[in-house]
Each structure stands twice: as structure tokens, then as C-alpha cells.
Amino acid sequence: MSTASSALDSPTAPLPGSRPAEVIAAERTLGGDLRVLARICRLILRYRGRVALAVVATVVAGLFQLAIPPLLGRAVNTALGLAGDASVSGAAAREGLFVAAALLLAASTLRGAFTLVQNYGGESIGHLLAYDLRLAFYRKLQQLSFSFHDRAHTGDLITRGILDIDGVRWLTSAGLLRVLLLAILIGAGAIQMISTDITLGLLSLSFVPFAIWKSTTTRLRLRALWLTVQEKMAILGRIMDENLSGIRVVRAFGAEPHELTKYDRAADEAMAITHERVRTRAGYSSVMTLSYFVALGLVLWVGGTRVLAGAMSVGTLTEFLTFMTILQLPVRQMGMVVNAFARAATCGARLFVVLDHQPTIAERPDAKTLENPRGVVRFDDVSFAYPGGGDSRTLHRVSFLVEPGRTLGLVGPPGSGKSTIAHLLPRYYDVTAGRITIDGEDIRDLTLDSLRRAVRVVQQDSFLFTSSLENNIAYGDPWADEDAIHRAAATSQIEGFVERLPERYQTLVGERGVSLSGGQKQRVAIARAALLEPPVLILDDSTAAIDAGTEWRIREALRAGAANRATIIISHRLSTLRHADEILFIEGGQIVERGTHEQLIALNGRYAALHALQGRHDLTEAQP
Ligand code: ADP
């Protein structure tokens, strides 16, 4: 796919207080819009067979539609001729009328049949395109780096994946095919009418330019209002979402009146714009109908005068009036067509910006697979700044070595950079300077899959999917057998709890399942990693919500397989780290002290001070 240089207006512009989505936003231009539409057309042309069928059906349906006015005109003339001719027998008159009616019916039926094929073709192309885009978009979201997800608004991405794909989907049926139909009706129809009678032809078409102009400008106005309503609705949604998520805080602080006022204000604004939409739509409809009837009246007047003067047949006048009736609907729909183009350009631009985004963390073409990893982890003079964070470095020249069977402990104040170290090892981000190796291989030379199979991180915020406990534990290895799942649950000390649940491992957990406590969730997350028996295991404050006794038992159980594993434990609780082979005290992104527990106590520095503080705290807590 080529690069979309244009981008978006934003139906879900960043809400006040939300993270900016500048990473996926850009300015829109007319040239950019045209490029986006051209790109969508190229995607549509992938379905060549269906496109050909829909185009042929549209052309044929249009031609049959144009056949109706002359047929009707001829039928009227036949009827009048037969009625006025005394020499024609009743049977012959009926036959003449029957032929005229049968021709009319045949033309209408064929028009209907080809319109059906046109609608089917247009819709099916739209759905196929939406299907392809949906898959491509979801696949892209899986590939994009954390630096992208850190800055992109989740709600915005979901909108793009649903509403924007829908906006692109309508281009074929509501935009391209309708333009073709309208071009045939107006073009061929105008030639047909003007060649019959130039004055009446021009009068019949007189409402067309006004109607197209009015319907287009009104539609664009309605669209702008619709986008604003969407924005207001997004704000309403966010207020409600926050209110429901924080319902306990709202109630605890008696903030209901404040919350109601906030919601009322946003709802009022949305209502005002909705009213304006209704007014615009109603006004537009009346003006359009008036313009059509004025033109119809003029044709009747001029045509009627000619009929009375004997210069024109009633059938020809009927032909003009029928032509106007046929033209009325598609001309009124011109606004919808323009809207379909405008919407596809906006939505397509928003989608393509994401689809064209290149992940900053990518595999080298010659990336190696890490075969049978041993788990020798080395940080070599590593410095790191978060993307978009300017020059301010989160880590400064961090070096350490963890070998299989050994445990490294990381401790330090919040925000000192401990989790950042955990994020660099599986390459969620790339180092700014220095290098990280596993078994002597720079991790940037390895395939991401083999690297992330070797390094498993258990985060503090354990996320559970809405699925059974078994599926949650076996997430990294869906083929794991039951014994392995039970062993992992036993290691993380969650087995006893699971056994007491009525449906045991089949219990549904996650947002729509049984609510687990923070500690229980953390234990499921530890089981998920333990099941995979990785050569490098990082526990990032992942026992913070677990009591010290249970934590000790988890550590003992993990120790069983620890001989072949490098373990990195991040914790604010020093008792967790006490038995580590080396402990690093991190502050301001730097290692300020390092050694075993005993060495650090003997050093009598930052670690020893923290130890003394936690010791006192434990004592205070222990008192009745
Ligand atoms: P710790 O784990 O020691 O509490 P972190 O490694 O989480 O500390 O954070 C270190 C610093 O990096 C903090 O100042 C934090 O605000 C910043 N930081 C953490 N994550 C990101 C991110 N995704 N983008 C930008 N800055 C971040």
C-alpha cells in the first residue's frame, strides 16, 4: 500500500484531558483527500469481477429507466388515438393498450432486476473491502510498538477500527455507483429530452443544478454538524464511563451534584446541535420540493399550451413529466453521494495513517532465531529515553549480568526506572545507547518471537481476559495439558482457591466473570508465566498485592525450576529480594548501590536506610 500523506479531521478529537493522539493525526488537504479516494478505488478494484458486474448492471438499469418515459408517452398517445378513432374495434383497442402496458411493465421489471444486481454488487464489494480492512487494521495494531500505543488513544483506535471502516465501506454503493447512475440519467436523459424539444427539455432539467447545489451544501453542513454531535457524544460517553468506573469515589465524596452538572452541560450542547441538524434538514427538504414543483409547473404550463395549440402530443408532455419524476429522487440523493465521498475521504485518511505507521521495533531482515536459550542476560552500559520524551534519559549507563540459576533484585523509589529495565529486555522499546544481550546475542539481532518466548514478564497490573481460568493460565501455550496447568497454579499458590470454586478451572473470570482480588489476579498472572518455564523470568512488582507468607511459598515453588533460569525480581518489599544473588538499588535511572543483601547492609547506604525503615514498619504492623 502506498503512503497516505493526508490525514484526518477527527470525529473523535482528543477529549479534554485525554492523551493527545498526535502520533496518528495529520492535516487534511483537498489533494490529500483525492489521493485517499484514489487509494480506496484501487482497493475496490481488487474485486474486479464484482466491480464489472455492478457497473454493467448500473448502466443497464439506467438505460431501462430512461426507456420508461418514452414508453409511457407512447402508451398515452396510443390510448388517446384508440379512444378517438371510431373505426377501431374494442378488441383491437384492448390489444394496443395491452402491448403498450406490457412493454412498460417489461422495462420496469428489467430496470428493477438490474438495480438489484447493482445494489448486491455495490454492497458486497463494500463488505469485502471492510473485511479486508478490518483484518489489516487489527493485524497492524498487533505489530505496532509500545511507543505508538503509549500515545494513541484507545477509544480513538476503536473508532477507526469500527466507524471509519464503515465510512469507507459505503463509498462503492452510496458513492461511485450512484454517481454513475446519475451521470447516465442526467446525461443520456438530457440528450433524449432536448432532442425531442429544446425548451421543454431545458425546463425539465431546470431544477437539477439548484437541487444538486442545495443538496450538496446541506449534506456537507449536516455532516459537519454530525461530526460535532459525535464529539459531544464521545464526551458524554467519557463522563459516564469515568463516573461508572469511579462510582465509589463519587459516592464517597458526595460528588453526585457535580457529576450531574458536568453531564447536563455536555448533554445540553449535544442537544443544541441536534436541533440545528433537524432545522437544517427540514428547511432543505421544503426548498428542494418547492424547486421541483416550480419546474414541474413550468413544464405543464409551456407543454400544456403547446398541446392546446396542437403543436405537441399529450404523450410527449407525459414523457417530459415522467422524466422529471424519475430524475427527482437521484438528484435529491446527490447530497448523499457527496457525503459518501467526503466521509470515505475522512475515514480512509484516518485508517491509512494507522495502516501506514511503521513499527519502530522491527525485526532485521536477517534476524536470528534464539535456539535453546540458556538465559544469560547482560545489560552493557544501557541508557534509555522514552520516545517523545526529548533528551531526558530514564536510564543512565546501566550494566549487570544475570546467569542461569541466579536471581537479580531491583529496588528503588517509584519512577526510578525499574519497570523500564523490565520493558527493554523483551524489546518493548529499544535502548538509546549501549546494548542488551541474551546468550551473547544482541537482542536487536534476534527474531521478536524467539526473544519474547525466552523472556517472560509478569507485570504488576495483571490483566485477565474474559474467559475461563484455565484459558487465562494457558494463554501463552493453548496446547498445555491439564497437569501442566495445575502445576503452574500450584506454583503460584492459586490452586487451593481454584479448587474451592464450583466450576474450578472452568470458572469464567475477567471483566464479565467472577471478580478476583488484586492478589488472586497476580497469582493467575504468575501461573501464566510459570507454565511456560521461560529461561528468563521477570517479576515486575508482581507480588505487591500478595501477603508475605504466600509470596514466600511462591518463591520457594519457583525455586524448583530456577536452576535453568535467570530471574529478575523488582520489588519494593526488601524481604522479597533478600535472597537474590545481586541486588541493584536504582535511583534516577542509575545504579547507586549494588551487592548482596549483607553487603548492602554493611555498606550502610540507601538500601540499609530503606531496610531499617521497613524493619521498623514491620514491627509497628506486628504490634497488636
Ligand atoms: P519504576 O518502575 O521504578 O517505578 P518506571 O520505569 O515505571 O519506574 O518509570 C521511570 C520513568 O519513566 C518515570 O519518570 C516515568 O514517568 C517514565 N515513564 C514510564 N513509562 C513511560 C512511558 N511509556 N512513556 C514515557 N515515560 C514513561
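Visitor: Which helix gives the most to the shell around the ligand?
Guide: Helix α12 does, in this predicted model. Helix α12 spans residues 418–424 and supplies 3 residues to that shell.

Visitor: Which residues surround the ligand?
Guide: The surrounding residues include D150, Y386, T394, G415, S416, K418 and T420. P413, P414 and Y429 are also among them.

Visitor: What makes 2 residues of this shell count as charged?
Guide: Asp and Lys count as charged. D150 and K418 are in the shell, so they make up the 2 charged residues. The shell also has 4 nonpolar and 6 polar residues.

Visitor: Why is the pair between T420 and the ligand called a polar contact?
Guide: The cut-off is 3.5 Å between N or O atoms. A polar side-chain atom of T420 lies 2.5 Å from an oxygen atom of the ligand. That is within the cut-off, so the pair qualifies. The backbone joins in too. A backbone N or O atom of G415 lies 2.7 Å from a ligand oxygen, and a polar backbone atom of S416 is 3.1 Å from one.

Visitor: How much of the ligand's accessible area does the protein cover?
Guide: The protein covers 59% of the 560 Å² that the ligand has on its own.

Visitor: Why are α6 and α10 called roughly parallel?
Guide: Their axes cross at roughly 25 degrees and come within 10 Å. Angles under 35 degrees count as roughly parallel. Therefore α6 and α10 are roughly parallel to each other. Their crossing is right-handed.

Visitor: What makes the crossing of α5 and α11 oblique?
Guide: The axes of α5 and α11 cross at roughly 140 degrees, coming within 7 Å. Roughly antiparallel needs over 145, and roughly perpendicular means 65 to 115. The angle fits neither, so it counts as oblique. This crossing is left-handed. The contact of α5 with α11 has 20 nonpolar, 4 polar and 7 charged residues.

Methods:
Residues are numbered from 1 along each chain as its sequence is written. This is a predicted model: local features need pLDDT of at least 70, side-chain atom pairs count only at pLDDT 80 or more; totals for chains, interfaces and linings use all residues. Side-chain values use heavy atoms; hydrogens and water are left out. A residue is near a molecule or strand if one of its heavy atoms lies within 4 Å of it. A polar contact is a pair of N or O atoms within 3.5 Å; within protein, one must be able to donate a hydrogen and the other to accept it, and residues adjacent in sequence count only if both atoms are side-chain atoms. Accessible areas come from the Shrake-Rupley method with a 1.4 Å probe; for residues, only the protein chains shown count as cover. Helices (H or I, at least four residues) and strands (E, at least two) are DSSP runs, numbered from the N terminus. Axes are lines fitted to C-alpha atoms, for helices over the stretch in contact, and angles run from 0 to 180 degrees between N-to-C directions. A crossing is left-handed if the near helix is turned anticlockwise from the far one by less than a right angle, and right-handed if clockwise.
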